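Here is a short walk through a two-part model, written for someone who would like to follow along on screen. Have the viewer open and turn the structure as you read.

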Amino acid sequence: MGELALMRKSTWLSRRSFTGGGASCLFFGNLGASKAAQDNSLRFGLTPVFLNNDLQLLETLKSYLETATGYSVELVSRRTYQEVTALLISGQVDGAWICGYPYIQFKDDLELLAVPEWNGKQLYQSYLIVGTDRNADDITDLRNDIHAFSDPDSNSGFLVTRSLMFEHGFQPETFFRKTLYTYGHRNVIRAVASGLAQSGSVDGYVWEVMLEMEPELVSRTRILRKSQWLGFPPIATSVKFAGSQKIHLLQTALIDMANNAQGRQVLELFKLTGFGLPQEANFDGIAQMVSKLREVL
Amino acid sequence: MSRPFSLLRIPLIWRVTLAVALLMILVSAVITERVLNRLGTIQQIYLQSTADSYVNGVNASISSSVINEDSWEIFDVLERLKPTNTAIVPIQTIVTNKAGTILAATDPVKHPSLSQLPEDLISQFSSTAIRISSESALAFLERDIQYQDKKIGKIYTVFDAKTLLNERKEVLTTLILTNALVTALLAFGGFLTVRRMLRPLQTLESHMIEAVDGKAQKILVGSSLARNWEARRLFRAYNSLIEADEQRRELSFKLAEEERLASLGRLSSVMAHEINNPLGGLLNAVDTIRKHGANAQIRDRSVDLLERGLQGIAEVVRGALATYRPDRQSRPLGEGDFHDVKMLISPELRQRNQKLDLETDWDSGFACNLPSGPVRQAMTNLLLNASAASYDHADLLLKVKRSADRLQIEVGDRGGGLPIESVKMLTGQIEKSLPAGKGLGLWVVRQIASELDAKLEVTPRAGGGSIISMALPIEVKPEIENAA
């Protein structure tokens, strides 16, 4: 991945930002690259797609990765996909758990290491959810809603619904009365469950896992529509680090997680069945949506 | 007609108890008012500071989100900053933009984003000071959201003030209960103390009431009632009073007896004179009979003389006997007693050529319950006094009038009127002590009248002099009345 490519992607990031976030990504770009390469630590980025507010979960993952790779692992959490993706592309983290949508957007700069398997598959769905008592059958009934998205760079939490609206010819500025970005799938569920938003777009995996963990909250929402099966948010690295010993150890640790007791403990906390080698075809659906919306986004 | 209620009619012991209770209630009311006032101020300050810190915290956290009208961020902040361990909990927080449109609220269903805040809710808020509504147990606070000294929105917060109001209510209840208990205890303590303090006085009072009824008894100074020296001193003083009174009574009795004997002596001397006067004539008659007894005419005249003389002596002796024989003292008063008194006094009257008119309104069968002895004594004293006060040849009066329930005896003189002291002695407050100087006879009359529950009156007599009336209550004996 050359400097030119990084600049191109950064320009896109800046356009989507209303603060200096994009600029800071550029600033930390060179600085972070050298930092990740110099020390013996392994920096691993996380996005809100996971239940990263669970400290025990993070601690268990960190412990496993340290044991499995032999590196001192530092978990790096950021609020938005944009920030984590920027860290990954700029090399400030060695690897990161990102979303399929940023992967498709920055495919040239990223290389997939592994994809989580949920119920034995590397696939998940996007759910369009509403309040339990909401009288609605499909997206057309959601006109004039306050709608909660997870993140503008989230596949399940934005892209799928945006694509659906596009298919129906709905303009987001007029179809919804207001849109919210909650920067977390759990927050989308909270927004809809509380009534702040009348509908929301959420990661199906997160919704299902939270239904087990927080049934009181999630049961105040219901699924209006499930999307097609799409590629599960993958673990990626910057193409700059691809093939390095550290990245190889990270990939092996992920793939072997189901074969290790400590790893199974991590998987249990994530409610996953394991990690597998990437199957690029799983992301074709996301790529098609991105392609379809390229002109309007 | 019943008299109006007066506190003075309540016994002292209850008055003191009531006073203690009222005082304590007053003190309690003042204390309660002060405590609640102070508590209210403290709670207001606490509520204001707690509310301020919450609202200021929210304000600082959401100002940038308010600019961006980011409803989720505002909602998330409201959710996260909601305190749970304070005495007041914000139960409703609403954030609006400058135009008054709701951006986010803790209860989005009730106050949806992009809607307008209801006017009736806005009216509950008053400037920046917190307002507590006792009716709803809620507190209301609004605050402008400032960004770079410009107003960009408003925060409306409704707090649950139930805990504070309950605390105030609990304090009030505790104060009332505590004060009521303390009041009751103090009132009861006051009652016991006053009762203990007043017990010697009550003992004294009961003994004095008994003394008034003529059953005066000394108080045992060594008894459990005389616990302190003041009570003992009081009892000793009372006992001394009783002793002195007894002594005075004995002295009075003795003096009265002496007076009776003195009057008896006086009458005896007069009687002796009355007996002695005819004795010369009688002895002459005896000599005449002895010398000229053969002459029937002379003898008969002498015998007649003897008989008249002896009859006169017999009348004098009979009157004296009727007056002073003890067995006749208590027999019921009869009409003969008035004639006896007239007979008894007649020698005294003769000496001064005075006349006594006896008028009695006494049916032959009438009888009453009055004892003859004291009444005769009183009449004798009054007549002796009337005789002494009147001039020679005066016409004295002894009049007896009878009504259904009383017997009125009037003694009239022809003197210059009774001295004020004598009138006071007869009609005024009874004097238990003996009068100084003369007037013992009238004092005895007053004592007798008192004993017989009789009323004495002094009125002027037509033609000069005074009339002393003694109205005696009587109980007519019906069988005798009917028999009459």
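The notes below go through the chains, their meeting point, a sheet, two helix pairs and two backbone details.

## A predicted model, and chain A overall

Please keep in mind that this is a predicted model. Chain A holds 13 helices and 13 strands. Of its 297 residues, 51% are buried. Its contacts reach far along the sequence: among those between residues at least 6 apart, 78% join residues at least 24 apart.

## Where the chains meet

Twelve residues of chain A and nine residues of chain B are in contact with one another. On the chain B side, helix H2 (residues 71-80) supplies the largest share, with four residues. Sorted by class, the chain B side has six nonpolar residues, two polar ones and one charged one.

## The helix pair H1 and H2 of chain B

H2(B) also has a partner within its own chain. Its axis and that of helix H1 (residues 12-68) of chain B come within 9 Å and cross at roughly 170°. An angle over 145 degrees counts as roughly antiparallel, and H1(B) and H2(B) are therefore roughly antiparallel to each other.

If you would like to find the contact on screen, look on H1(B) for Val58(B), Ser61(B), Ile62(B), Ser65(B) and Val66(B). From H2(B), the residues taking part are Glu73(B), Ile74(B), Val77(B) and Leu78(B). This contact between H1(B) and H2(B) includes six nonpolar, two polar and one charged residues.

## A five-stranded sheet in chain B

Chain B contains an open sheet of five strands in the order E6-E7-E8-E10-E9, with mixed pairing. Strands E6 (355-360) and E9 (455-460) of chain B sit at the edges; each has a single partner strand, so one side of each has no neighbour in the sheet. On average, neighbouring strands are turned by 15° against each other, ignoring direction.

At one of these edges, E9(B) pairs with strand E10 (residues 466-473) of chain B in the antiparallel sense, over six bridges. Thr459(B), for example, has Ile467(B) of E10(B) as its bridge partner. Helix H7 (residues 335-351) of chain B packs on the sheet, where it touches E6 and strand E7 (395-402) of chain B, and its direction makes about 175° with that of E6(B). Helix H9 (residues 420-427) of chain B lies across E9 and E10 of chain B and runs at about 150° to E9(B).

## A helix crossing in chain A

Back in chain A, the axes of helix H8 (residues 185-194) and helix H9 (residues 204-213) come within 9 Å and cross at roughly 70°. That makes H8(A) roughly perpendicular to H9(A). Their crossing is right-handed.

His185(A), Arg186(A) and Ile189(A) of H8(A) make the contact with Val206(A), Trp207(A) and Met210(A) of H9(A). By class, the contact of H8(A) with H9(A) has four nonpolar residues, one polar and one charged.

## Two residues with positive phi

Most residues other than glycine have a negative phi. Lys271(A) is not a glycine, yet its phi is positive, about 60°. Lys271(A) lies in the loop between helix H12 (261-270) and strand E13 (274-276) of chain A, and it counts as partly exposed, with 17 C-beta neighbours inside 10 Å.

His393(B) also has a positive phi, near 65°. His393(B) is in the loop between helix H8 (372-389) and E7 of chain B. Is His393(B) buried or exposed? With 10 other C-beta atoms within 10 Å, His393(B) is exposed.

Methods. Residues numbered from 1 in each chain as written. Chains lettered and ligands numbered in written order. Predicted model: local features only at pLDDT ≥ 70, side-chain atom pairs only at ≥ 80, totals over all residues. Contact = placed C-beta atoms within 7 Å. Nonpolar A, V, L, I, M, F, W, Y, C, P; charged D, E, K, R; others polar. Pairing = 2+ DSSP bridges. Axes fitted to C-alpha atoms, helices over the stretch in contact; angles between N-to-C directions. Buried ≥ 20, exposed ≤ 12 C-beta atoms within 10 Å, placed from the backbone. Parallel < 35°, antiparallel > 145°, perpendicular 65-115°, else oblique. Left-handed = near helix turned anticlockwise from the far one by under 90°.
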